[in-house]
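I opened this notebook to record what I looked up in the structure. The entries follow the order in which I took up each topic.

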Amino acid sequence: MVTKKTKAKKLVIVESPAKARTIENYLGKDYQVLASMGHIRDLPKSQLGVDTEHNYEPKYINIRGKAPLINSLKKAAKAASAVYVASDPDREGEAIAWHLEHILGLPENGKNRVTFNEITKPAVKEAFKHPRGIEQDLVDAQQARRVLDRLVGYSISPILWKKVKRGLSAGRVQSVALGLILDKEKEISAFIPQEYWRLDADFKAGKHEFSAEFYGTDGKKIKLENQKIVSAILKRINSDEDFQITDLSTKESKRNAPNPFTTSTLQQTANSQLNYHARKTMQIAQGLYEGLSLPKVGHVGLITYMRTDSTRLSETAQTMAKEFILKEYGEEYYHRHNVVKKSDTVQDAHEAVRPTDVKRTPESLKTILTHDQYRLYNLIWSRFVASQMSEQKLENQALMIEQNKVTWRSTGIKVLFEGWTKALKTSSTKNNILPALKIGDHVQMVNNFPEQHYTLPPARYTEASLIKALEEIGVGRPSTYAPTMDTLQRRGYIGFDQKKIVPTDLGDIVQDVVVKSFPEVTDKSFTSKIESELDKVEVGDSKWQTVIDEFYKPFSQEVDAALENIEKVPIYDRIAPELCDTCGGLMVIRRSRRGEFYACSRFPDCHGTKSIVEQIGMKCPKCGIGEVVVKRTKRGRVFYGCSRYPDCDFASWTKPKKPEVKETANAK
């Protein structure tokens, strides 16, 4: 009896099991799809791994622990009729493909590389019709970044370990980001508050009440710098007289639709609106991109590739949006937007982050997605739809109210047409319509409210505003922002007070050492220039070794000088106000990833520790007995709770405010 020989399958290798399941579902029984679980080769952790004497040749090794996986991939490749590598469509993905081809012994110029911007059946099927070779320029750009960061990190870190303490690190993007945070802190420390006053008032026209803000006197706008000026103004008001409308105006304006998300704007918006850290945003987006199992559909990717700095949309995406908007909202809500490349620093290889199918509305997926997935998908979906909609049209209203040449100004707004805000509700403008009045009409002042204020210092960075600042100066790229934030926090260089980034003493010490000895590493314009040079490598306009060489030769001299000249920086533990409960010894204040805590000074002989209870000086608003104290989650996020927990379960992400008694002068 002759047995029928089984036809060899084609092998496809991707990064993750979730992506593998989705793609295997699309390609069918003739394909086997396996996951490499990310990179399989990298520079060794135990040594520099870069031959600085021979053209910066990287010394790649197989990643420890991946030998069984590599052997299984080799076995599958040997048995396959063809091998394709379908890792992500960016520098990192191209490097993974290059390493896989090397380990599996695939032909150098073979067409084994397949890429797609979205994991949907049509996109994947079409991509496999057009396999290509490895784009060496992309690989070289990744190699350049990896080698450069290794040279910086492995050169500076030992100096920090020797001169400050072990476990510290510095890096190009990391050090610039920390510098921005510390510069902001210096601005805050140097800030001198200035007194100013507000003088608001409530007016009545018939049955309608509306508010206004003091404008000026004798036809001139004036600043309320102190109480003396305010008192003089209030004395000019005759409580027995009406006020008169002396001027009014209406002006139409438009609010243009926002662009669809790039990686950085997605991270910024998710941070400001959903309170997600950049790392969490990227983890959730990765899952949405790789795909979920939907009823009657199977595994499908829900969004396009999430690492991009382009706002471009494909013709297919624009057509899809148009059809949806016309059907759901009407013709007057549609307006095609041709998004162009913003600057030379923008890499335009990928589309903006968008849903793969606009008909999969957030509500239709709500029972399938996790709470976090739903919130992020809703953000991406709404922004994409809004980006292809008409402007919001507004009527801005203003009127001037006067008595005895003392003038108040009242403003209002009327929404004439919702436009794109019909899809993006979080950005909608609320009506605040003033009463229908005309010049010469009389109104009465009901109350006025003089309030003393002081100018506030510059706001600390949030993750969102720091990412925006880095992007504006051209430092870092979409794939670097989340790991940069993560590293700064893990090293203990920053902490968080609510959503605000606060530098630590350790961060200040490390940055001071790096700035003095390696000024170019922390220089914003120099780091931005390096990023531009790396981009040139990606498009074949520069050789990666040349970029490295121009940086490393002067940098290596700085390293030698630093080893010789930097004196050891002493780090003193601050004495805690309490004694150790375990041994009775002195306790000191130390810092962990979750913030500061008390630790016994006799460590390691004594392991006594105690959390620091930080009160804000007010009673619990829920029970009225306990004190409101500052607490931290396991990830170091600050929140506020009752000191009587668990007897009282009061908790708040925002700092409770003490009841304030406003000084008010009532009109007669």
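**Entry 1: Lys-19 and its partners**

I looked up Lys-19 and found that its side chain meets that of Asp-88 in a salt bridge, with N to O at 2.8 Å. This pair links distant parts of the chain, 69 residues apart: Asp-88 is in the loop between β7 (82-85) and α3 (91-104), and Lys-19 is in helix α1. I note that the model is a predicted one.

I then asked whether Asp-88 is buried or exposed. Asp-88 has a relative accessible area of 6%, so I entered this residue as buried, the cut-off for that term being under 20%. Lys-19 has a relative accessible area of 1% and is therefore buried by the cut-off of under 20%.

I also found Lys-19 in a salt bridge with the side chain of Glu-15, at 3.0 Å from N to O. Glu-15 and Lys-19 are both recorded as buried. As background, I wrote down that side chains of opposite charge can pair when their charged atoms come close.

**Entry 2: Ser-16**

I next located Ser-16, which sits in the loop between β1 (10-14) and α1 (17-27). Which backbone atom does the side chain of Ser-16 reach? I found the backbone nitrogen of Lys-19, at 3.2 Å. Ser-16 has a relative accessible area of 12%, so I listed this residue as buried. I then set aside the neighbours within four places in sequence and found Ser-16 in contact with Ala-35 and Glu-290.

**Entry 3: The annotated domain**

I consulted the UniProt record, an unreviewed entry, and found the annotation "domain: Toprim" over residues 9-121. Over residues 9-121, I recorded 35% helix and 19% strand. The C-alpha atoms at the ends of this stretch are 19 Å apart.

**Entry 4: Other salt bridges**

How many salt bridges does the structure hold? I recorded 34. One that I looked up joins Lys-422 to Glu-418, with the closest N and O atoms 3.5 Å apart. I entered Lys-422 as partly exposed because its relative accessibility is 27%. Glu-418, at 31% relative accessibility, also counts as partly exposed. I further noted one network, in which salt bridges that share partners join Arg-91, Arg-477, Asp-535 and Glu-538.

**Entry 5: Thr-522**

I turned to Thr-522 and found this residue in helix α15 (residues 519-522). Its side chain reaches the backbone oxygen of Pro-519 at 3.2 Å. I asked why Thr-522 should be entered as buried. Thr-522 has a relative accessible area of 15%, which means that it falls within the cut-off of under 20%. Leaving aside neighbours within four places in sequence, I listed the contacts of Thr-522 as Ser-175, Val-176, Gln-511, Val-514 and Val-515.

**Entry 6: A nonpolar patch**

Which residues make the nonpolar surface patch of about 300 Å²? I found Ile-575, Leu-579 and Leu-586. I placed Leu-586 in strand β20 (residues 586-592). Its relative accessibility is 46%, so I entered Leu-586 as partly exposed.

Conventions: Residues numbered from 1 in each chain as written. Predicted model: local features only at pLDDT ≥ 70, side-chain atom pairs only at ≥ 80, totals over all residues. Heavy atoms only, no water. Helix = DSSP H or I, 4+ residues; strand = E, 2+ residues; numbered from the N terminus. Buried < 20%, exposed > 50% of the residue type's maximum accessible area, 1.4 Å probe, protein only. Polar contact = N/O pair within 3.5 Å; in protein donor to acceptor, adjacent residues only side chain to side chain. Contact = heavy atoms within 4.5 Å. Salt bridge = Lys/Arg side-chain N within 4 Å of Asp/Glu carboxyl O. Patch = residues over 30% accessible without salt bridge, like charges linked within 9 Å, V, L, I, M, F, W, Y side chains within 5 Å. Areas by Shrake-Rupley, 256 points an atom, 1.4 Å probe, with all protein chains shown as cover. UniProt positions renumbered as here; feature names shortened; annotations may be inferred.
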